[in-house]
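Dear colleague,

I am passing on the structure we spoke about, with some notes on what I found when going through it. Please have it open beside you as you read.

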Amino acid sequence: MELDKRILKILAILRKTYPDAQIPLHHKNPLQLLVATILSAQCTDERVNMVTPELFKKYKNANDFAVAMQPELEKSIHSTGFYKAKSKNIIGCCKMLVEKYGGKVPNRLEDLVQLPGVGRKTANVVLGGVWDIPGVVVDTHVKRLTYRMGLTKNTDPEKIEQDIMKLLPAKDWNDFTMSLIYHGRQVCIARKPRCHECPVSELCPKVGVE
DNA sequence: CTCCCGATAT
DNA sequence: ATATCAGGAG
């Protein structure tokens with residue numbers, strides 16, 4: 001079967017399997033999603049959700065983060081790991097938001113990626129989660145699943161992003177990546193993928209799966 | 001390619 | 001005790 005036919009079938013099944021696949025990061029505004037997503041680097045969303053309620057009670061806007069004392073911020077986010085780098089990035093990031101964007105989160109990928117601690121993955125999560133702007137989020141799950149499913153031969157996240165964008169219309173990018181992430185967490189897990197309970201098993205060449 | 005780091009499952 | 005989870009910067 002042709003690649004572009006196969007990916008559409010996979011998407012249709014995943015949509016039915018995970019009808020309300022959405023960003024699991026708790027947030028009430030663009031800034032909160034941006035900060036939560038920075039924190040989610042190399043950390044589970046569940047853990048991020050454990051620290052953000054207190055964090056957002058203490059820091060309510062970009063300026064609060066911009067003038068934060070780093071050691072204090074470090075304490076608030078400690079359990080998410082890489083807390084020194086993340087604190088530094090969040091402060092630097094929010095300083096830039098205040099100086100260049102009036103304390104608001106910009107809605108263009110090129111701008112977001114300039115912010116400290118924000119790469120393409122984080123930027124695309126924010127664009128999709130806040131403004132529903134189409135984008136392919138390539139996190140560790142999307143990287144692993146697209147490769148296993150034979151939808152890309154690349155291992156570089158940016159190349160994978162391009163490959164998927166070529167295979168699907170823009171309106172499907174967000175649904176596809178969100179449902180892939182859910183599927184990657186529950187069924188097509190890294191260690192021992194549960195191929196027997198996988199609804200897209202028939203459509204999957206299982207590249208690199210033992 | 002190396003460094004940044006804690007939490008949980010095994 | 002050790003493996004696994006899970007992005008970005010330099």
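The notes below take the two DNA strands in turn and then the packing of helices.

Please keep in mind throughout that this is a predicted model.

DNA strand B

The residues that surround DNA strand B are Arg 47, His 78, Ser 79, Gly 81, Phe 82, Tyr 83, Lys 84 and Ala 85, and by class they divide into three nonpolar, three polar and two charged. Helix α6, which covers residues 83-101, gives the most to this surface, with three residues. Where the strand comes within 4 Å of the protein, 61% of its atoms there belong to sugar or phosphate, while the rest belong to bases.

Among the polar contacts to this strand, one uses a side chain: an N or O atom in the side chain of Arg 47 is 2.5 Å from a phosphate oxygen of DNA strand B. Two others involve the protein backbone, with a polar backbone atom of Lys 84 lying 3.0 Å from a phosphate oxygen of the strand, and a polar backbone atom of Phe 82 lying 3.3 Å from a sugar or linking oxygen.

DNA strand C

DNA strand C is surrounded by 16 residues, of which Gln 42, Gly 117, Lys 121, Thr 122 and Ala 190 are the closest. The residues of this surface comprise six nonpolar, seven polar and three charged. Of the strand's atoms within 4 Å of the protein, 61% are from sugar or phosphate and the rest from bases.

Which part of DNA strand C lies 2.8 Å from a backbone N or O atom of Gln 42? The partner of Gln 42 is a base nitrogen, whereas a backbone N or O atom of Gly 117 lies 2.7 Å from a phosphate oxygen of the strand. Lys 121 also reaches a phosphate oxygen of DNA strand C, here through an N or O atom in its side chain, at 2.9 Å. The elements that give two or more residues to this surface are α8 (120-131) and α9 (140-148).

Packing of the helices

Helix α9 also packs against helix α11 (residues 170-186), at an angle of about 85° and with the axes 9 Å apart, which means that α9 is roughly perpendicular to α11. On the α9 side the contact is made by His 141, Val 142, Arg 144, Leu 145 and Thr 146, and on the α11 side by Thr 177, Leu 180, Ile 181, His 183, Gly 184 and Arg 185. By class, these residues are four nonpolar, five polar and two charged.

Helix α6, met above at DNA strand B, packs with α2 at an angle of about 150°, their axes being 10 Å apart, so α2 is roughly antiparallel to α6. The crossing is right-handed. Leu 31, Leu 34, Val 35, Ile 38 and Leu 39 of α2 make the contact with Lys 86, Ile 90, Cys 93, Cys 94 and Leu 97 of α6, and the contact has nine nonpolar residues, one charged and no polar.

Helix α2 (residues 30-39) also meets helix α3 (residues 45-58), the axes coming within 10 Å and crossing at roughly 140°; the two helices are therefore oblique to each other, and their crossing is right-handed. Here Gln 32, Val 35, Ala 36 and Leu 39 in α2 meet Val 48, Val 51, Thr 52, Leu 55 and Phe 56 in α3, a contact with seven nonpolar residues, two polar and no charged.

With best wishes

Definitions and conventions. Residues numbered from 1 in each chain as written. Chains lettered and ligands numbered in written order. Predicted model: local features only at pLDDT ≥ 70, side-chain atom pairs only at ≥ 80, totals over all residues. Heavy atoms only, no water. Near = heavy atom within 4 Å. Polar contact = N/O pair within 3.5 Å; in protein donor to acceptor, adjacent residues only side chain to side chain. Helix = DSSP H or I, 4+ residues; strand = E, 2+ residues; numbered from the N terminus. Nonpolar A, V, L, I, M, F, W, Y, C, P; charged D, E, K, R; others polar. Axes fitted to C-alpha atoms, helices over the stretch in contact; angles between N-to-C directions. Parallel < 35°, antiparallel > 145°, perpendicular 65-115°, else oblique. Left-handed = near helix turned anticlockwise from the far one by under 90°. Contact = heavy atoms within 4.5 Å.
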